[in-house]
Amino acid sequence: MKKFNIRKVLDGLTAASSSSSAAAQPGTPRENDAVQETLQSEHFQLCKTVRHGFPNLPSSMAFDPVQKILAVGTQSGALRLFGRAGVECYCQHESDAAVIQLQFLINEGALVSALADDSIHLWNLRQKIPAILHSLKFNRERITYCHLPFQSKWLYIGTERGNIHIVNVESFTLSGYVIMWNKAIELSTKTHPGPVVHISDNPMDEGKLLIGFECGVVVLWDLKSKKADYRYNYDEAIHSVAWHHEGKQFVCSHSDGTLTTWNVRAPAKPAQIITPHGKQPKDGKKPEPCKPILKVEYKTTRAGDPFMVLSGGLSYDTVGRRACLTVMHGKSTAVLEMDFPIVDFLTLCETPYPNDFQEPYAVVVLLEKDLVVIDLGQIGYPIFENPYPLTIHESPVTCCEYFADCPAELIPALYSVGSRQKRQGYSKKEWPISGGNWGQGTQSYPEIIITGHADGSIKFWDASALMLQVLYKLKTAKVFERARGKEEKPSTDIVDEDPFAIQTLSWCPESRMLCVAGVSAHVIVYRFSKQEITTEEVQLLEVRMQCEFSDVDSPDPGGDQTPTLPTSGASSSPQETEPPTQPSTSSNTSDGPRDNIPCLQVRSSPLKQSPGYQVELVIQLVWVSGEPPQQITSLAINSSYGLVVFGNSNGLAVVDYLQKTVLLNMGTSELYSPSDPYQRQPRSPRKARQPSGALCDSNDGSNTSEDRCKSPTSGSTSPCNSDDERKQRFIEKVKFKSRRFSKTVANDFARMSRKISSSSEQKPDQEERVQRWRFSTCKKTFNCMNKAKAEARMPQKSVIHRTKSAPDSYAKDNSFTRSRSSSVTSIERESREAISSFHFCESFPRKTDSLVSPCLLVGTTQGSVMMVALSLPPGGDQRLQQPVGISSCGTLVRLKGGILTMALLDSTGTLLPPSYEPWYDPNASDEEKEKSRRRRPASPPSSQEGQDSQFAVLCSEKQAKVVAMPSQTRIYKHNITETSFVLRADVVQMAGANCITIFCANGHIMTLSLPSLRPLLDVNYLPLTDMRIARTFCFSNLGQALYLTSPTEIQRITYSQETCDNLQEMLSELFTPVETPEAPNRGFFKGLFGGGAQSLDREDLFGETAAGKASRSLAQHIPGPGSMEGMKGAASGVVGDLARARIALDERGQKLGELEERTAAMMASAESFSKHAHDMMLKYKDKKWYQL
């Protein structure tokens, strides 16, 4: 039966309501009626696909030596399972409690997990999405240790009270057999032995159970006789115990850094006591105590000495030393330093049988932020090269972009240059965790993920077919000089830490041009080349961006002056610019404010650039009159035009990276035309603005709640004569409370302050603002000759252009400066209109245009979308010599909330991507360059008079609009949210059509059709609990999206119904049928004299008939969703129905089986009763009544 979908029923209603509410105004042409929209609600479904990266906050680990699968548990209740490269799986417990221990049912395709909330769970790994079959929740005791013997169905559970309970893992029921702590220890002992820290059975005798208590007591328990055979006492607390495979010796690790070796039959004293890292005194005294040895493993080999592997135990005088793993083999001891603290480790052995020579070949070490596998078979113990994408968090991720359906040649090109960056010295053996099989999905298009990091590095990842593999790493910090110590740290930094952190990036996959912006207000343009070069001098442009105000109390005629422009005869070629006699790097002294100084120092020595991305140009914003440059909020690059544009809260700048010149540098308000109805008058920043230090001082009442909650657009109502007093009060507060914040806090605070401010928009009091403030304005038509506003200088060989948007009328008040922290000015910055997005396109700049031309769409945080026309010279040499013309065409449209994304559609609804130049190697020969350097032909046709041929798609934090071009008439409008705001929006390709994908702060993921803006999907998926998600969430084509779910993990999701349907095929398989290795041969003499391993029928001991039933109040059995839930997602349609029917039959058969067992038990009981009755009858058959 076909599944009922209410979305299809409502589809027509939503389409009708959307079209009616978004209908064009009377007289507006309705060309969009001809656009056939093919996307429907049934094309969309939201589900998680895979999770990549290192498990966040790991807590436990287990390994299946036959299936060769590794399981890692975390403190948040997550499970990550790893097989061969590309085989990964993520599961989550419902309780979110920490996973304290994991136990595989070896080669059974099942896993037992023990959680900190005293519950144990049985996972079925035989399906692609593992599910819980059974759960058992302990009510009265805390779980401390679990042990599941090989090929046994009885699980031993040690508790905090010192008792041991036994669970049948098939039915997840408790046995009535319990080992009580007071029976295990000596009767004369007066104190409680503490929690159970170890349980294991003797490798040679399954009937002997070794129990370790925290206090230092170890008990060898005889399961059959239910009593202790031997008790071993030591003064120091025990952390772990390990057996010799012959079952005659075991080793304990203690809290004083000692290892004690015990003979099983000699419990009086240890056979050996050693302190691996203790200093041995010469007088024979006891060694100095060391740190606890947290874990020890004892593994034997046939051909040599045994291995003893331990963690911890270092001397107390090694303060600050990193965590170490110690490998003792014979007389040699190797101490292996780790980068992070050790969580757990496991020794991998050739055999799963504990009573055979173990033959260890590797050690898996789980660290707090890494997974290391050490090769024990090679000299020096090298590590294996890790095939998993566990280095996402190598430096914290600060931004993320996702590109699906990239050009096919991109991944091989990036891999070829990235393969040269690999480290050397790895083990030559194959990765030992090699279980599972890859998925058989048909998804074959290339996918690339780019992550920007706090150390300035950028990583390119191959994300095709639900896998993740690093392709190439780019280090942007190489361009700058590094301070060697704190003393050398430049005083021009605007962030305390991570000055090279990546803020945002713009990438053109077709031309391979890359542009990145950092937190220190710098932009770097990169080209891709397969050849190595050495750059003698890095090309540098310094840009002076400022938003100038003049106070009415102290008028300054300079505020109304027109900015000084270079003469028309100024050269546009940087090579011809003469250096000034006096460098313009003004005052870096303590007397005056910093001015014209960049935040970072560009490298002056030659820069060797390996194949890959190579620096083309560095652009830096400079300090202005003691105020630091504002961080860059938006960025775009276009390879066809040769332009880079970036903006912040002060305005925007357009740079020609081919000519290395600044074309435009202007404030946001200057983009409005004088007759613009949306023009925002210049306004004052808050006089009593709150410094960042006050964020942590809730008792400071100098800023009232009324002042702090005012809309940034509202006029000031305080009298003018109090300005000086308020300013002086602010200066004193800055001097007293100035603090520094990291970039993350700064960015988050800035973003949230904007949301708070924009939520209460008020109409500005324009008259009052005109009285109080004047803003320097300038003309709206520019080109690189008359509007670069640059003072060019050439120190040594590097080319530096200093640009200036207006005279410095604000420098008179040197004391009224900002803190160096980027968060100090976040309130003031966000109260101004900042640039939030860019989009290069070929469109109609003005209503009267009939031909398309290169344009730039500019979106602001106040919802304005403005059009800037670009006039490009012809290609070839003329492009490098003639200027690029730029003219502002005013406001196109206004939306509520900041603009997030913009795009263009043609008259048929097809997406018009920005034009691009095909990639060519900049270091190749001129002939090869000319072959590949052909500009892409203009795709849109020219428009006839009175007819619109394009749709501009615009999406803000509150609403979306579609505007017809060139008439600039609004065709459709959709209000996305009233109570929340949009964090991310993208125009993507999906199922052969286009749509807008939206992620809101309230957790909703939505899609809107184009151009009608009809709602197609609205799912409450992920409430915004972490700003990390807001910074990294991104959509891509073909129904793909991702976000950083933790500091170390990327979660990929899909909103495509087709991908959800095929997900089962695409996912990897964890369990593969493998034969269990044969048990070790006992040998003739061992079999004859009984020297081999002794088996035990645990069913006779722990079964209900022998041990009885356990107390019902001790633990509660919870049936899991099991394979039924797994199979629900396994397939759809007929196959899914058949699978579900088969499971239902299995469950029915299981119930019938249980009924049959109960019936058999009743029959046996009836037969027993009949037998007893018959015996009674025979006994008294021949007796008289008086003989009774």
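## Cysteines, a sheet and salt bridges in a predicted model

Cysteine 508 has a relative accessibility of 12% and therefore counts as buried, the cut-off being under 20%. The model is a predicted one. Cysteine 955 is in no disulfide: the nearest cysteine sulfur belongs to cysteine 1000 and is 8.7 Å away. A disulfide would need the two sulfur atoms within 2.5 Å, and by this rule the count for the structure is zero. Cysteine 955 is also buried, with a relative accessible area of 1%.

Cysteine 955 appears again among the contacts of threonine 901. That threonine is found in strand β53, which covers residues 899-906. Its relative accessibility is 12%, so threonine 901 counts as buried. With neighbours within four places in sequence left aside, threonine 901 is in contact with Val953, Leu954, Cys955, Ala985, Asp986 and Val987.

**The chain as a whole**

The chain has 1188 residues, of which 55% count as buried. Its secondary structure comprises 18 helices and 64 strands. Of the contacts between residues at least 6 apart in sequence, 62% join residues at least 24 apart. The exposed area of the chain is about 53300 Å², and carbon and sulfur atoms supply 50% of that area.

**A five-stranded sheet**

Five strands form an open sheet in the order β6-β7-β8-β9-β64, and their pairing is antiparallel. Strands β6 (99-105) and β64 (1115-1119) stand at the edges; each has a single partner strand, so one side of each is left without a neighbour in the sheet. From one strand to the next, the twist averages 15 degrees. The partner of β64 is strand β9 (residues 131-138), joined to β64 by five bridges in an antiparallel arrangement. Within this pairing, histidine 134 has proline 1119 of β64 as its bridge partner.

**Salt bridges**

The whole structure holds 25 salt bridges. Three of them are listed here with the N to O distance.

| Salt bridge | N to O distance |
|---|---|
| Glutamate 1049 and arginine 51 | 3.9 Å |
| Arginine 322 and aspartate 339 | 2.9 Å |
| Lysine 660 and glutamate 616 | 3.4 Å |

What does the salt bridge between glutamate 1049 and arginine 51 tie together? Glutamate 1049 lies in strand β63 (residues 1049-1056) and arginine 51 in strand β1 (residues 44-53), so the pair connects parts that are 998 residues apart in sequence. Both glutamate 1049 and arginine 51 are buried. The two residues also belong to a network of salt bridges that links Arg51, Arg80, Glu88 and Glu1049.

The salt bridge of arginine 322 and aspartate 339 runs between two loops. Arginine 322 is in the loop between β23 (307-312) and β24 (324-329), while aspartate 339 is in the loop between β25 (332-337) and β26 (342-349), 17 residues apart. Arginine 322 is partly exposed, with a relative accessible area of 42%. Aspartate 339 has a relative accessible area of 51% and is exposed, because the cut-off is over 50%.

In the third pair, lysine 660 occupies the loop between β43 (651-656) and β44 (661-667), and glutamate 616 is in strand β40 (residues 612-621), so parts 44 residues apart in sequence are tied together. Lysine 660 is buried, as is glutamate 616.

Conventions:
Residues are numbered from 1 along each chain as its sequence is written. This is a predicted model: local features need pLDDT of at least 70, side-chain atom pairs count only at pLDDT 80 or more; totals for chains, interfaces and linings use all residues. Side-chain values use heavy atoms; hydrogens and water are left out. Helices (H or I, at least four residues) and strands (E, at least two) are DSSP runs, numbered from the N terminus. Buried means under 20% relative accessible area, exposed over 50%, partly exposed in between (1.4 Å probe, protein chains only). Contact means heavy atoms within 4.5 Å. Accessible areas come from the Shrake-Rupley method with a 1.4 Å probe; for residues, only the protein chains shown count as cover. Two strands pair if DSSP finds at least two bridges between them. Axes are lines fitted to C-alpha atoms, for helices over the stretch in contact, and angles run from 0 to 180 degrees between N-to-C directions. A salt bridge is a side-chain nitrogen of Lys or Arg within 4 Å of a carboxyl oxygen of Asp or Glu.
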